[in-house]
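Work through the exercises below with the model open. Try each task before reading its solution.

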Amino acid sequence: MGAEQGRAAIRYAAIGDSFTEGVGDELPGGGVRGWADLVAQGLADATGEPVQYANLAIRGRLLGPINEEQLEPAIALGPTLVSFNGGGNDMLRPGTDIPWIVSRTEEALGRILESGAEPLLLAGANPTAGLPGGGRVRAKGDELTAAATELAARLGIRMCDNWSDPVLARREYWSPDRLHLAPVGHRRVAANVLRALGFAPPADWVLDAEPLPKPGLRAELRYTREHVLPWVGRRLTGRSSGDGRAPKHPGWVTVEPRG
């Protein structure tokens, strides 16, 4: 990725939370990559042309702040494509208002359409097999994904349904915190997104992972201590993993085709 050079035919802006920021696909020198970065590269490779790419997503964000803090700055860049995903953090909290999430999502998609950009609606991958109380979150996710699918059809826009991908639900596609995708999971989401946009994913991407055994009691206790309890602590104190963070690509960077 490099600094902006001219004006590319494809100008892709991504907004959302940790899923879109790329948490779980950590880079050796710090920072994260993630499926949206990979999509930008995949678009450049498929078209043979540079792609301008921005990513305004910030981990921990609820849907309201995504709309209020990221939507207009993304549109102001003049994108041709905007990917939208939100509501995952809302689902993890009690008293989730699914109709409100759908209504706010429709408002955001309508604003993207009004701007002249193409919206792409994403359903996030399903982490619930490995989460405590995952059944309750799964029921919310099923309901929200069904409503989002209906919304996309009604608006006549593309949707990438990662929630219903049974491979992504397997534990080997998730990072140790079980809430964020592992690198191979991000690659699989990126491949799903490219296909939804009408492009084949790059042939050199590894999209499959070897099965992982079910964790034993010691591993479960360590998981609770290292991941569940800190998450609960943030909820109880009103803190977020994204507090004080800025978007990783708030303006255009140019992604050149490989080879």
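The exercises cover helix packing, a strand and three single residues.

This is a predicted model, in which local features need pLDDT of at least 70, side-chain atom pairs count only at pLDDT 80 or more, and totals for chains, interfaces and linings use all residues. Residues are numbered from 1 along each chain as its sequence is written, and side-chain values use heavy atoms, with hydrogens and water left out.

**Exercise 1. Describe how H3 packs on H5.**

Solution. Start with the elements: helices (H or I, at least four residues) and strands (E, at least two) are DSSP runs, numbered from the N terminus. H3 spans residues 63-76 and H5 spans residues 98-115. Next, take the geometry. The angle is about 5 degrees, and the axes lie 11 Å apart. H3 is therefore roughly parallel to H5. Axes here are lines fitted to C-alpha atoms, for helices over the stretch in contact, and angles run from 0 to 180 degrees between N-to-C directions. Angles under 35 degrees count as roughly parallel, over 145 as roughly antiparallel, 65 to 115 as roughly perpendicular and the rest as oblique.

Now list the contacts (heavy atoms within 4.5 Å). H3 contributes Leu63, Gly64, Asn67, Glu68, Leu71, Glu72 and Ile75. Trp100, Ile101, Arg104 and Ala108 are among the H5 residues that they meet. By type, the contact holds seven nonpolar, four polar and four charged residues. Ala, Val, Leu, Ile, Met, Phe, Trp, Tyr, Cys and Pro count as nonpolar, Asp, Glu, Lys and Arg as charged, and the others, Gly among them, as polar.

**Exercise 2. Place Asn67 within its helix and find its contacts.**

Solution. Asn67 sits in H3. Its relative accessibility is 8%, so Asn67 counts as buried. Buried means under 20% relative accessible area, exposed over 50%, partly exposed in between (1.4 Å probe, protein chains only). Not counting residues up to four places away in sequence, Asn67 touches Phe84, Arg104 and Ala108.

**Exercise 3. Characterise the packing of H5 against H6.**

Solution. H6 covers residues 134-155. The axes of H5 and H6 come within 10 Å and cross at roughly 30 degrees. On the H5 side, the contact includes Ile98, Ile101, Val102 and Leu109. On the H6 side, it includes Leu144, Ala147 and Leu151. The tally is eight nonpolar, one polar and four charged.

**Exercise 4. Is strand E3 enclosed or open, and which strands pair with E3?**

Solution. E3 runs over residues 51-55. Five of its five residues are buried, so E3 is largely enclosed by the rest of the structure. Val51, Tyr53 and Asn55 lie on one side, with Gln52 and Ala54 on the other.

Now the partners; two strands pair if DSSP finds at least two bridges between them. E2 (residues 10-15) runs parallel to E3, joined by five bridges. Ala13 bridges to Ala54. E7 (residues 249-255) pairs with E3 in the antiparallel sense over four bridges. There, Val51 has Val255 as its bridge partner.

**Exercise 5. Compare the settings of Arg178 and Arg258.**

Solution. Arg178 lies in the loop between E6 (158-161) and H7 (183-196). Its phi is near 65 degrees, a positive value in a residue other than glycine. Most residues other than glycine have a negative phi. At 16% relative accessibility, Arg178 is buried.

Arg258 lies in the segment after E7. At 40% relative accessibility, Arg258 is partly exposed. Its C-alpha atom is 8.1 Å from that of Gly48, 210 residues away along the chain. Leaving aside neighbours within four places in sequence, Arg258 contacts Gln41, Asp45, Pro202, Asp204 and Trp205.
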